[in-house]
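Welcome! Here are a few short exercises to help you find your way around a new structure. Take a look at it first, then try each task before reading its solution.

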Amino acid sequence: MAGISEFSSYYPHDLYLLGTDAEGTELWSKSYGGEARIKGFSLDAVGEEGYIIAGNRETYFGFYPSDFYLFRIDNQGIKLWDRAFANEFPATARSIVATQDGGYLIAGYAQPTDDETTQDAQLIKTDALGNIDTTFQAIIENNSPLACFG
């Protein structure tokens, strides 16, 4: 289970994850964040080895654009690694799926203007450790057809 713990409107909120067994009994709970606001929007199981979470991360209390954010945890909720994909515009990863090659495909959007109706879709392909797969490229602009290469 995933949610957000927020201490006040000024301080960052953390991503909160709760691990349960098949009957819903709590096994562990953890917060992730600290100096940044972290939101998780998609979670996928990585076999029997844990989970991958995608969302966004805002540093400096929202004064800088949010980044695509990806992190991996084991079955006990221990963070194994994380990656932030910087963008010149505010960006949010909304969905993540494991790929057959052991990597991940992350879908989301960037907002290149102050007009919230203008959003460009973004796709990022990574390897199993969250490093960008440079052989995959997707270009999707607002009101444009999808173009994928790789």
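**Exercise 1.** In what order do the four strands of the open sheet lie, and is their pairing parallel or antiparallel?

*Solution.* Keep in mind that this is a predicted model. Start with the order, which runs β4-β5-β6-β7, and the pairing is antiparallel. Next, look at the edges: β4 (36-45) and β7 (79-85) each pair on one side only. Finally, from one strand to the next the twist averages 25°.

**Exercise 2.** Over how many bridges do strands β5 and β6 pair?

*Solution.* Find β5 at residues 51-59 and β6 at residues 67-73; seven bridges join them in the antiparallel sense. Then pick out isoleucine 53, which has phenylalanine 71 of β6 opposite.

**Exercise 3.** Which residues touch the most other members of the largest nonpolar core?

*Solution.* This core has 14 residues, and the ones to mark are Ile52, Phe68, Leu70, Phe85, Ile96, Tyr104 and Ile106. Now trace the elements: β5, β6, β7, β8 (91-98) and β9 (104-110) give two or more residues each. A separate second core has nine residues, among them Trp28, Tyr32, Ile38 and Ile73.

**Exercise 4.** Why does threonine 126 count as buried?

*Solution.* First locate threonine 126 in strand β10 (residues 120-126). Buried means under 20% relative accessible area. Threonine 126 has 0% relative accessibility, so it counts as buried. Lastly, check its contacts: leaving aside residues up to four places away in sequence, threonine 126 touches Leu70, Phe85, Gly103, Tyr104, Ile106, Asn131, Ile132 and Asp133.

Definitions and conventions
Residues are numbered from 1 along each chain as its sequence is written. This is a predicted model: local features need pLDDT of at least 70, side-chain atom pairs count only at pLDDT 80 or more; totals for chains, interfaces and linings use all residues. Side-chain values use heavy atoms; hydrogens and water are left out. Buried means under 20% relative accessible area, exposed over 50%, partly exposed in between (1.4 Å probe, protein chains only). Contact means heavy atoms within 4.5 Å. Two strands pair if DSSP finds at least two bridges between them. Axes are lines fitted to C-alpha atoms, for helices over the stretch in contact, and angles run from 0 to 180 degrees between N-to-C directions. A nonpolar core is a set of buried Ala, Val, Leu, Ile, Met, Phe, Trp, Tyr and Cys residues joined through side-chain atoms within 4.5 Å.
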